[in-house]
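Me: I'd like a close look at a single part of this protein, namely the place where two of the helices pack against each other. Could you walk me through it and then show me how a few other residues fit in?

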Amino acid sequence: MTGALVAGLLAGYGIAVPVGAIAAYLVTLTARTNLRTGASAALGVATADGLYALAAVAGGAVVVPLVRTVQTPLRWTSAAVLLALAAHGTVKALRQRHDARPDEPRLTARNAYLGLLGLTLLNPLTVVYFAALVLGGGGGSATGPAQRTVFVLAAFAASASWQLLLACGGALLGRALTGPRARLLTALASSTLIAGLATHLALSG
């Protein structure tokens, strides 16, 4: 049981910690809204990781070949959505560049959760990652139902803790950005980073 717990934690951090477009978007989303919205978005990302971990332990040998057949269109769809988010962020930042106080956020916590859940689910390589760990014996001998449950919950908890840390960082960033110029530069930098990561995602594989 302990082996499955440790393996799940390591797997969750392994997929969550590398900085990508989702992480960049989560930080800037929290910075321009509030911690509650950002935390909900963070849990959306962690839920997707948990679902993919569940799919991997439930039937990784069967799921992986199916995922690989659709990973290219899903990768392109994910890249397109990220590019659209980057463009939207740029346009919004330019429109509000002269506002001392930007418009109050209209994004609800529920929509933030569902949005980041859906966006993260567009990355099918996550289930391949978890399946490779489980099938390769890296799941801490997660062979029984109890061990598999512990592995999935630990992976979810690890991902959630990291995503919530990113959201807290975004909230602190939002408090530090008191001037319109600082907000503009940060928003443009974030959009550029997201667009670059989306382009890399589309061209990879």
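Reply: Here is a short tour, starting with the whole chain and then going to the helix pair.

This is a predicted model, where local features need pLDDT of at least 70 and side-chain atom pairs count only at pLDDT 80 or more, while totals for chains, interfaces and linings use all residues. Residues are numbered from 1 along each chain as its sequence is written, and side-chain values use heavy atoms, with hydrogens and water left out.

The protein chain has seven helices and zero strands, so from the N terminus the order reads α-α-α-α-α-α-α (helices are DSSP runs of H or I with at least four residues, strands are runs of E with at least two, and both are numbered from the N terminus). Of its 205 residues, 40% count as buried (buried is under 20% relative accessible area, exposed is over 50%, and partly exposed is in between, with a 1.4 Å probe and protein chains only). Take the contacts with a separation of 6 or more: 90% of them join residues 24 or more positions apart (a contact is heavy atoms within 4.5 Å).

Now for the pair. Two packed helices are described by the angle between their axes and the distance between the axes. Helix 1 and helix 6 (residues 145–176) have axes that come within 7 Å and cross at roughly 35° (axes are lines fitted to C-alpha atoms, for helices over the stretch in contact, with angles from 0 to 180 degrees between N-to-C directions). Their crossing is right-handed (the near helix is turned clockwise from the far one by less than a right angle; anticlockwise would be left-handed). On the helix 1 side, the residues making the contact include Ala4, Leu5, Ala7 and Gly8. Helix 6 brings, among others, Val150, Phe151, Ala154 and Trp162.

Leu5 is worth a stop. It sits in helix 1, which covers residues 2–16, and counts as partly exposed because its relative accessibility is 38%. Leu5 also joins Val6 and Leu10 in a nonpolar surface patch of about 270 Å² (patch residues have over 30% relative accessible area and no salt bridge, with like charges joined within 9 Å and nonpolar side chains, meaning Val, Leu, Ile, Met, Phe, Trp and Tyr, within 5 Å; a salt bridge is a side-chain nitrogen of Lys or Arg within 4 Å of a carboxyl oxygen of Asp or Glu; the areas come from the Shrake-Rupley method with a 1.4 Å probe, and for residues only the protein chains shown count as cover).

Leu10 turns up again with Tyr129, a residue of helix 5 (residues 125–135). Setting aside residues up to four places away in sequence, Tyr129 touches Leu10, Ala11, Gly14 and Ile15. Tyr129 is partly exposed because its relative accessible area is 25%.

Back in helix 6 you'll find Gly170, which is buried because its relative accessible area is 0%. Gly170 touches Val27, Thr30 and Ala31, again leaving out residues up to four places away in sequence. From C-alpha to C-alpha, Gly170 and Leu35 are 7.9 Å apart in space, although 135 residues separate them in sequence.

Last, have a look at Thr37 in helix 3 (residues 35–95). Thr37 counts as buried because its relative accessibility is 3%. Beyond residues up to four places away in sequence, Thr37 touches Leu107, Thr108, Ala109 and Ala112.
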